[in-house]
Amino acid sequence: MTVSERAMEYVVGLQLFLGFVVGRIPVHAVRLFVYRHALRMRIGEGSSVHWRASFFGPGHIVIGRHSVIGNDVFLDGRSGLTIGDNVNVGGYVHIYSLEHDPQAPDFRTKGGPVTVHDRAYVASRSTILPGVTIGEGAVVAAGAVVTADVPPFTIVGGVPARKIGDRQSDLTYTLGFHLPFQ
């Protein structure tokens, strides 16, 4: 391993540590400042990231305007993660953009960017796997494991997630949830 590669491992480790520590600070404004300026996450106006969130590859995570990221969420931006405007991501959600390939002789990683479009709702304790797109206004039910794209205004649930319903498409709400000490 070269000196440059070793140095990069330390930078990644420092980012993980900083994100972990900052996620435990119970003040939105402080967390958002560090996420935006030290970890280089792009977080839109009016959005909130609740406490104890953890990140991989935070510099490749984009969160739109007026979105709410729940407590204890894990966001993996290593292959890219884009979350649109007015998206509600519930607590304990895990979103992965990379995973190990169990068929690869060297157990290498594989994956792809994840996109969650505007006004989607990803309910608590659900998991989204690499390369998945969640369409505009779609709903991922609590505890679901999403392995394939979810069309706009579709409700999915289960393991693996399957269509369980449709959502109305005339959504107009703007999210805004900011308790100063959460």
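Student: How many salt bridges does a search of the whole structure find?
Tutor: The model is a predicted one, and side chains of opposite charge can pair when their charged atoms come close. Here a salt bridge requires a side-chain nitrogen of Lys or Arg within 4 Å of a carboxyl oxygen of Asp or Glu. By that criterion, the number found in a search of the whole structure is six.

Student: Which residue forms a salt bridge with Asp-72, and how many residues apart in sequence are the parts that the pair ties together?
Tutor: The partner of Asp-72 is Arg-52, with the closest N and O atoms 2.6 Å apart. Asp-72 sits in the loop between β5 (68-69) and β6 (74-76), while Arg-52 sits in the loop between β2 (48-49) and β3 (54-56), so the salt bridge joins parts whose separation in sequence is 20 residues.

Student: Is Asp-72 buried or exposed?
Tutor: The cut-off for buried is under 20% relative accessible area. Arg-52, at 25% relative accessibility, counts as partly exposed. Asp-72 has a relative accessible area of 16%, and therefore counts as buried.

Student: What is the N to O distance in the salt bridge of Arg-108 and Asp-106?
Tutor: Arg-108 is partly exposed, having a relative accessible area of 46%, whereas Asp-106, with 52%, is exposed. The side chains of these two residues meet in a salt bridge, and the distance from N to O is 3.1 Å.

Student: Which residue forms a salt bridge with Lys-163?
Tutor: Lys-163 is exposed, and its partner is exposed as well. The closest N and O atoms of the pair are 3.0 Å apart, and the partner is Asp-166.

Student: Which residue offers the backbone oxygen that the side chain of Ser-67 reaches?
Tutor: Ser-67 has its place in the loop between β4 (61-63) and β5, and at 0% relative accessibility this serine counts as buried. Leaving aside residues up to four places away in sequence, Ser-67 touches several residues, among them Gly-46, Ser-47, Ile-83 and Asp-85. At 2.6 Å, its side chain reaches the backbone oxygen of Gly-84.

Student: Where does Met-41 lie, and how many Å apart in space are Met-41 and Ser-54, C-alpha to C-alpha?
Tutor: Met-41 lies in the loop between α2 (28-37) and β1 (42-43), and counts as buried at 2% relative accessibility. Not counting residues up to four places away in sequence, Met-41 touches Tyr-35, Arg-36, Phe-55, Pro-58, Ile-61 and Ile-63. Met-41 and Ser-54 are 13 residues apart in sequence, and their C-alpha to C-alpha separation in space is 12 Å.

Note on methods
Residues numbered from 1 in each chain as written. Predicted model: local features only at pLDDT ≥ 70, side-chain atom pairs only at ≥ 80, totals over all residues. Heavy atoms only, no water. Helix = DSSP H or I, 4+ residues; strand = E, 2+ residues; numbered from the N terminus. Buried < 20%, exposed > 50% of the residue type's maximum accessible area, 1.4 Å probe, protein only. Polar contact = N/O pair within 3.5 Å; in protein donor to acceptor, adjacent residues only side chain to side chain. Contact = heavy atoms within 4.5 Å.
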